[in-house]
Amino acid sequence: MNFLRTTFMNGNKVKAYPNYWDMIALLLVLGVITLLAWVATQMAVPYELGQAIPISLDPHRLPGYALRTVLRMLIALCFSLLFTFTFGTWAAKSRRAERIIIPFIDILQSVPILGFLSITVVGFISLFPGSLLGPECAAIFVIFTSQAWNMVLGFYQTIRSIPSELNEAAKMFHLSAWQRFWRIDVPFSMPGLLWNMMMSMSAGWFFVVASEAISVSNQQILLPGIGSYITLAIATTNMHAIGYAILTMFIVILVYDQLLFRPLVAWAEKFKTEQVVEETNEAHSWVINLLHRTQFLRYLGTQLTYIFDLFVNITFLRSKPVHSHPLRASSYVRYISWLWNSLLICLVGGVVVFLYNIIFRSIPIATVEHVFLLGLATALRVFVLVIVCSLIWVPVGVWIGQRSSVAHIVQPIAQFLAAFPANILYPLVFILIVTYHLNVNIWVTPLMILGAQWYIVFNVVAGASVIPKDLLQVADNLGLGFWLRWRRLILPSIFPYYITGAITAVGGAWNASILAEVVSWGGHKLVAYGLGAYITEQTAKGDFLHISLGIAMMCLLVLIFNRLVWRPLYELSRERFTLD
Amino acid sequence: MQDLDQSTMPNSPLIEVVNVHKSFKKGDRQELLVLEDINFRMYEGEIVAILGKSGSGKSTLLRIIAGLVQPSAGTVFYRGQPVFGPVRGISMVFQTFALLPWLTVLQNVELGLEALGVERNERRERALKAIDTIGLDGFETAFPKELSGGMRQRVGFARALVVNPDILLMDEPFSALDVLTADNLKSDLLNLWQTKKTGLHGILFVTHNIEEAALLADRIIVFNSNPGSIRGELKVTLPHPRNDMDTRFRNQIDRVYTLMTTQPLAEGATEGHQVIDLGYRLPEANVAEITGLLETLNAPENNGKMDLPDVADTLMLDIDELFPLTELLEILHFAKVSKGDITITEAGKEFVEATILDRKKIFSQHLKKYVPLARYIYDQLTRHPRHRALEENFISLLEDYLTEKEASRILSTVIEWGRYAELFAYDYNAGVLSLENPN
């Protein structure tokens, strides 16, 4: 696992023959690799649109389906990482690229993720005619869109925050751009990147379940996976199957967490730049410990490090001494920037003409108004949800956060629950609504925040657990009453954390509305009044014009709320309520 | 090396800085001049110190010499060759060490060699040798966070020296360390230099510490602020090791203070206190500190007059802390600085002997009289119907003269003085200045 760090061997050379820990670890590694490879061969089977892929509700097939789902996640994660490294770095290093990439990604973040699916799936299918690769790619692309944006933004921000002296040292010691990227940029952003990857994965689970059942021109493609299994279970009202799926998902996320992220987070501890050694809160992972104990794998690790060194120090990517005046190229630079600007203007002009012709001409204003009202209904739901959730979870979170023993138990559970795809639980709510004849418009609402509420919980817990002890003691000492204590101490000090959690939760709720506002069970369907339901229905119809309208409206509303409500609150929390 | 024949030639400088100017773009048209017409040479076997207050552009000059920053005009020559980027042969030690926290000491030291494409085994051998030389034996596998500040800076030195540099540049290398550690490291560095254990032919460093400059350097170049320019130059001929208790050493320090505080009498400048304008870069000094300094001056044993080096010693201030205080005292006509001495004025005596409330009144009068920015803010507030004004107005006014960062720093300094003098009140959240205190 020692990719970025050579172990210095002070005389005691690492022995190359295995011990018994090696057997266990090797089996684990080989097992995982073989499984993934086997599943991958299944993905590229021939397929024609309209052909039904048999999905079986036999629980014995579930492990296989789960693997397919996991593999999709992994592939999407790899692409997200590649995308992050390219575009995050580009934006951080070039001002011109930054001015385009960053606002772009900011907007892409607010596009409802399932919208990407409805729009891109046809393209992907025609890209790989006669193969299941098309729909697979579409599904993977959706997961990618749920992961990539926050990773890019996080990566870009950390690269920008690298201390200038580190960059100067890199230049002074003649590191090439390539060497600097691997020696400074990547390690420096590693802890943040991993955290963002974990958040991305949480979002990814939600959408992987949704993206496996794809509707294209009134046909449904079911890609083998847990998501399709659930879709089928819902269609055939098979309660047992739903139970099995929930159990499987539970296990899958647990394994993913233990085998992938725990080890990575423990490994990334050393990239934290705080110059003090903290004894508490160090992440541990049994997998890392296992790998450390094995002789052979450690030997393998040093070999990998050696290979990584060669990779970083490739001869033709080394720096060369500067002999010419860097400003010489200025006329060339001016030419490039002129070209760049005219290209941008053409692009913007083209898009405006295109949008005018396609959307504004063919959609009557009344429809736009109708969709706008739908959007407001969904916005109202989101708003009420956040308030209700906050009223419930802030006191609970604070209570937990102030008891560190409880917090240590609750924190990983909340993070786990945030990763759990809540859409699996929707059928259960459907049954409740139908059984008790509840109002659809109201009772569908909690579904939207089922998964997202945990962000509020674990952020508030984190905030409450770092309220300085001396401030709490001062409050006791002054004999502050309950309400005064909350108003003057507790609420202000958890505010920045709460805002971070709430922003994530709101984003999740908007995204979930597309799934949550239409709930079905067997042949029955409950449809709520809202923008999410509108998008879902148009997608089922395959009406691209109205899908675009719905998605554009949602994107616009999310942007407006972000700019008008959340960003100012976030700024306020950073200005006034950060404890330093 | 091919350069050897050149370097043995008499009078061929290692580094030559010719007419260097540096200005930073500010807004659309305006430019802020940071360095003005810098010329100097550094010769074989010299240790040169660049001494100046913070913000005098001395670090920028060091970076221009290093090739990290391009000058707006002028050229830097290294052994006769113009510098366009980081040059092989020039190495640097940083103020905050700039170590990679995820690499061990050994790996940090190896980094520069790795970048140059030195083969693995040779790399390790040279790095271990450098670690040996700098006294880091036994810490090869440690991570920087396990080390104390002094040890970290030693890693910085080892990393700089392992590439066999010709010239070593140091940017305030000891200012992040405590006094004892810094002294220890300085003497080790001098030892290395004198025993010629390294291939170094010259050391150029930047500092704001007068004693440090006098202790290490053969030549001290004193910098002016706003814009940075060379005020003068002093040769230190005392043999190493120098003793900071030695009277000859104290004399050197006195000479530096005198050079730094003697106003170059401009055409027809009136003898007396300096007069400042609205956009003057007010020093960052607070009222408690200047009061403390006045009290020390006014103490019976000092009788209203002190030698600046003595002030620095008594109050344990370095020049970055001391000079802003003396500058403010001069501006407010509370004290007078010349030729390395500071003398309290009548007004200063009156201020320091007054009661707390009277002090505020005197301070307020002097603030209105001698600090144009404070007077301007006060006038604006008096004229405004509701006696309020946004801080942005004043910041944008100051930005005509200064950078954005500097403008807001100066405004907040003036706000602090104004609040003390009860000249005006300030609401942080709203960013509003007003005459009355909020209820």
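# Exercises on a predicted two-chain model

Chain A is divided into domain 1 (60-268) and domain 2 (343-580). The model is predicted. Work through each exercise with the structure in view.

## Exercise 1: The two domains of chain A

Task: How many residues of domain 1 of chain A are in contact with domain 2 of chain A, and which helices supply the touching side?

Solution.

Step 1. Locate the domain centres. Taken over C-alpha atoms, they are separated by 20 Å.

Step 2. Count the contacts. In domain 1 of chain A, 28 residues are in contact with 28 residues of domain 2 of chain A.

Step 3. Find the helices. On the domain 1 side, α3 (95-110), α4 (113-127), α7 (177-211), α8 (226-235) and α9 (239-268) of chain A each supply at least two residues.

Step 4. Sort that side by class. It has 19 nonpolar, 8 polar and 1 charged residues.

Step 5. Step back to the whole chain. Chain A holds 22 helices and 4 strands. Of its 580 residues, 39% are buried. Take the contacts in chain A between residues at least 6 apart in sequence: 80% of them join residues at least 24 apart.

## Exercise 2: A strand and its partners in chain B

Task: Which strands pair with β8 of chain B, and are they parallel or antiparallel to it?

Solution.

Step 1. Start with strand β8 itself, residues 202-207 of chain B. It is mostly covered, with 6 of its 6 residues buried.

Step 2. Check both faces of β8(B). Gly202(B), Leu204(B) and Val206(B) point one way. Ile203(B), Phe205(B) and Thr207(B) point the other way. All are buried.

Step 3. Take one partner, β3 (residues 46-51) of chain B. It runs parallel to β8(B), and 6 bridges join the two. Ile47(B) stands opposite Ile203(B) in β8(B).

Step 4. Take another partner, β7 (residues 167-171) of chain B. It pairs with β8(B) in the parallel sense over 5 bridges. Met170(B) stands opposite Phe205(B) in β8(B).

Step 5. Trace the link. From β7(B) the chain crosses through helix α6 (residues 179-194) of chain B to β8(B). This β-α-β crossover is right-handed.

## Exercise 3: Helix α11 of chain B and its flanks

Task: Is α11(B) mostly covered or mostly exposed, and what is phi of His333(B)?

Solution.

Step 1. Check the length. Helix α11 of chain B spans residues 319-331, 13 residues in total. It reaches 18 Å from its first C-alpha to its last, close to the 18 Å expected at 1.5 Å a residue.

Step 2. Check burial. α11(B) is mostly covered, with 11 of its 13 residues buried. Among them are Ile319(B), Phe323(B), Glu327(B) and Glu330(B).

Step 3. Look before the helix. Met316(B) is found in the loop between α10 (308-315) and α11 of chain B. Its phi is near 50°, a positive value in a residue other than glycine. Met316(B) counts as exposed because it has 9 C-beta neighbours inside 10 Å, and the cut-off for exposed is 12 or fewer.

Step 4. Look after the helix. His333(B) lies in the loop between α11 and β12 (335-338) of chain B. Phi of His333(B) is near 65°, again a positive value. His333(B) has 17 C-beta neighbours inside 10 Å, so it counts as partly exposed.

## Exercise 4: An unusual peptide bond

Task: Is the peptide bond between His240(B) and Pro241(B) cis or trans?

Solution.

Step 1. Recall the background. Most peptide bonds are trans.

Step 2. Read omega. It is about -10° for this pair, and the bond is cis.

Step 3. Place the bond. Pro241(B) is in the loop between β10 (229-235) and α8 (247-261) of chain B.

Definitions and conventions: Residues numbered from 1 in each chain as written. Chains lettered and ligands numbered in written order. Predicted model: local features only at pLDDT ≥ 70, side-chain atom pairs only at ≥ 80, totals over all residues. Domains from an automatic or database assignment. Contact = placed C-beta atoms within 7 Å. Nonpolar A, V, L, I, M, F, W, Y, C, P; charged D, E, K, R; others polar. Expected span 1.5 Å × (residues − 1). Buried ≥ 20, exposed ≤ 12 C-beta atoms within 10 Å, placed from the backbone. Pairing = 2+ DSSP bridges. Right-handed = clockwise from strand over helix to strand, strands pointing away.
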